[in-house]
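Visitor: Please take a close look at a single part of this structure and tell me what can be said about it.

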Amino acid sequence: MTEIGMYGQQETRQRVRPRPAWDYLGIALLGFGLWVLLVESNSFYSSVLATILIWTIATSGLNIIAGLGGYPSLVQGAFYGIGAYGSALAMKWGQPFWAACIEAVLAAGILGLIVGLVFSRTRGQYFAIGTMFTGLVVSLVLSNWQSLTNGLLGINVEFGFGSINQLNVVIPAAAAFSLMLVRFVSRRRLGWRLLTILEDEDLAEHIGVPTARTKLTGFVLSACVGAVAGVLIAQYNGTISPDLFDYYVGFVMFVALSVGGAGRVLGPLLGSAFIVGTPDLLNLSSGIGLLLAGIIFVVVIIVIPGGFMSAIDAVMAAASRSVRR
Amino acid sequence: MLIQAAVNGVVLGSLFALLAVGLTLTYGVMEVPNFAQAGVITLSAYAMLWLNQTAACPFWIAALGGLVVGGVVSVLTERIAYRFVRTRPLAAPVVALGLLLILDNTALILFGGDHVSLSPPYAGDVIYVGSASVPAVGVALIGTTAVALLALWLFLQRTKTGRAIRAVSQNAEAAAILGIRLERQYIVSFFISGILAGLVAFAYGPMYAVYPYMADAILLNAFVVVVLGGLGNVAGAAVCGLLLGLLESFGAIYVSAAYQNLFGFAVLLLMIVLRPAGLFTNRSRRVA
Amino acid sequence: MRRVSNDRLTILAGTALAAALLLAPSTPSRADDAKTVTVGAILPITGFLSTLGPPERDAMQMGIEDINKVGGFEVGGQRYTLKLKVLDDESNPATVGVTAYRQLVDVDKVPVLVIAAGTRNYQALFRRSPLPVLNILDSTYPSILDVDKHVFLLRSDTPAYVPGTVWYLKNVLKKERIAFIGAGADPYSAGIETWVKKAAEEYGVKIVSVVNYPLNTTNFAPFIQAAMAEKPDAIYLGGVTQEVLPVAKQLFQSGIRDLPVVHNSGVTPTQAKQIIGDPLYNDVMANNYDFAGTLPETSDNPATKKFYKDFVTRFNQYPSDLTMWAYDTPFVLVGAMQKAGTVTDRDKIYQAMLGMPVPANTISGWIPADGGKLFHDRDAQTMSEGIGWCSDKKTIAPVFLYFMDGLKVTREKVVADACKDH
């Protein structure tokens, strides 16, 4: 059956999915491959990959409300930042690492609940603008609250893992889990409901889908996953500063998701790889790197509305067609 | 104190109004949040700078040149990018960000990242209103906004093209049925929006300095105004711009200067939640 | 038409990735060519500190060329030349700088790292991969020397010149009511503020107003008005050049023209003209005073004067105090490596640096610590200098030379008619 995706692209969805276990196995294998890549590369490439994977976690979280639900949330950066600062501050105040993580994720979840409630009746463009400005307000307050966050100087983060090797395992594992989470949610009731909201929210409400509750759940879940990514970037770099959750970050995460393929399991991975990788790996001066990124955003979203994932779909469909012939 | 706050407010309000009017024009016609406007302002300012300093043109000629550059760049953004996402409102933020990156970084690559001053001949003058002082560049800003708003009003009300644009912004389908050529209206509105961006560059550039990200921050304030006034409502944007400028100025002087921007953003959040269609709109346009 | 499902794709991707990587050899780390030593530096080439990075890079390049010109240097019987590798932290050490750190330290394996700002942000990395770190810019309070024992500071920092500013205001300009306008989010400004307060208390000067503006402010009117409401007789601006000059310009544009405006940002005439604008800058700078390290132009040392001429000729820019320290950096590195007898053993080089003497051919005018050492508790110091503006020649001239001993001003010299002998 043909459906219309978030960007007006036509999509074919299969009604029956025969072997869900294969999906998870595939993702797990991918996670393993990424771990190998992470530890085998030298420190510079390794750090780029780690950043890509951490962004994958954050954008996977975003994929739930924005990809499945179709709500363009531009505030994911704020939850990312709260995860980072929350865990760092909690540890500074004496909490053990695991408690600090949970507290940071909880804080992000609570903020997600508040923001979700505030914008429960806002949609489309207004939701985008509203969430962007929420991110802006959070960022303004936190970066100027010097006594709490040390302002521009940033905070140094206590290392919570036993060793770097542990961290190197957790990062790809968490990335794989975040992909699996989206896969899992998309086939469960929450996912189906979000998809109906994406299709036609008023109709969904009409036929009895509890849209308000669904959206809120999706939003809070997105926020919590975003916070986990924040905790990991704090651990990996050992230092955090306010530009981590500048409103700009939330915007770019949304773009990363869109360019990679919103609503698709691997979309966040591709999008993050592109957005983080282009400036760092091409080793261009930052002006040219960002110019290139801008051009690609525009071209991709115009030419391939479903993002990289839908381009890959088209290529593989053509390949399988020619094979069958 | 009161007079000074009021004077500051009018200067700030003029800036917001000028910015917001350019944004809301394209919003009304296309439903596109044009973040790239900041990039148009930047390139327009650099054009003025280059003409004035490197090409040694007199300031007023350089300013005119900058306006033309603004108009042209703005039309280019429509022709090359926005045109393709008119029917896909959720792709618009991606395109807008992409365009902003392209424009800002083009400026960065061509001219470097240093802060450079745009210097009109009146840069050092100051005017006194009672006990309050206004820099001449501030007065120029107020003047520019007043002239621009008047010209725009006359255009929209009295000319055929202007009325066509208003028709398209109210209901594109009906306008098309009535025989108005939509493509032409889009191009014209983007051109005017670009000229308005150029005027912002002319008036705002001398206040601080010209650098690749000069307009990114104030654009956010402009968005607040656009939402307050109602997307596509030019008069609403002008009035709300002034109001917001006064609000932020009084807030800065009587409450806390450091959180000046916060007042505006908080108001926006309130509006989006309570009355997303804006303070002044009475159209039955669907908000979602 | 069946669409290829996600799962197959994922499995394909996963296996391909895992296989390719287990089979591929890991990228070999690039050790330096046996005869070239890389000087690795992380500098703010772009961003809000961008007035500082490029001159430092250019001056360091000059120093390296002067060393290579005479055949390089010798360590352990082998001749070496130097090569400069500069990475831009985009004034953003916590996100961009840390990536650059990993590149230079772990991949390029530089023996010593040169940095400018953001020392605190590298703290975790210092612990993970330690090496001697030479900071040529970061003057803050509290000092960055507390961050890690491997950090050296190749300049006098905030407490070495800020108090002299207040002393000059009181004793030479005869002003006693200061209004401080600072860039609160910038740690440089915050450090200046702390020391202005300490100095004011010591010398009996009143601070009538302290206002700080947030990052990215472009309209300083409310802050200026808040400061002026307390009727100061001098304005003290905190922050770096790109923060201070726009405030000075808007002060002038608001009609405030007869108060002395002092700061510690090391402004050059070229920067003033560029940031304030021509011809306005000459009027704005007229009552502007700047207190920082000594300038190459005003030195008595012929080698320093030569550096000044060469820099101006080559880069068409006026060199500030930082350029001298950047120029001296390669000489300091060579001195340390020669004393340690190695170009790769980081720990030996670190130990050598702690006790090394002031190298020959340096031009900054380092004041030796006890025993002729360059570093006094890992800080190398020079005299401090206050400069004023000459409107007729549209350039700067020294008005005050001094050396701080705690809060006591020593070796002071007030220059009368500074513009005349220029």
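Guide: A residue is buried if 20 or more other C-beta atoms lie within 10 Å of its own, exposed if 12 or fewer, and partly exposed in between, with C-beta atoms placed from the backbone. Helices (H or I, at least four residues) are DSSP runs, numbered from the N terminus. This is a predicted model, where local features need pLDDT of at least 70 and side-chain atom pairs count only at pLDDT 80 or more, while totals for chains, interfaces and linings use all residues. Residues are numbered from 1 along each chain as its sequence is written, and chains are lettered from A and ligands numbered from 1 in the order in which they are written.

The part chosen is helix α12 of chain A, residues 267–281. Of the 15 residues of α12(A), 12 are buried, so the helix is mostly covered by the definition above. Among them are G267(A), L269(A), F274(A) and D280(A). The expected span is 1.5 Å times one less than the number of residues, which gives 21 Å here; the end C-alpha atoms are 20 Å apart, which agrees.

Burial also matters for the nonpolar core, a set of buried Ala, Val, Leu, Ile, Met, Phe, Trp, Tyr and Cys residues joined through C-beta atoms within 7 Å. The largest one has 349 residues, and I54(A), V21(B) and V95(B) have the most contacts inside it. Helix α1(B) gives the most to this core, 17 residues. Two residues are in contact if their C-beta atoms lie within 7 Å. Leaving aside neighbours within four places in sequence, I54(A) is in contact with I171(A), A229(A), L232(A), I233(A) and Y236(A).

Terms used
Helix = DSSP H or I, 4+ residues; strand = E, 2+ residues; numbered from the N terminus.
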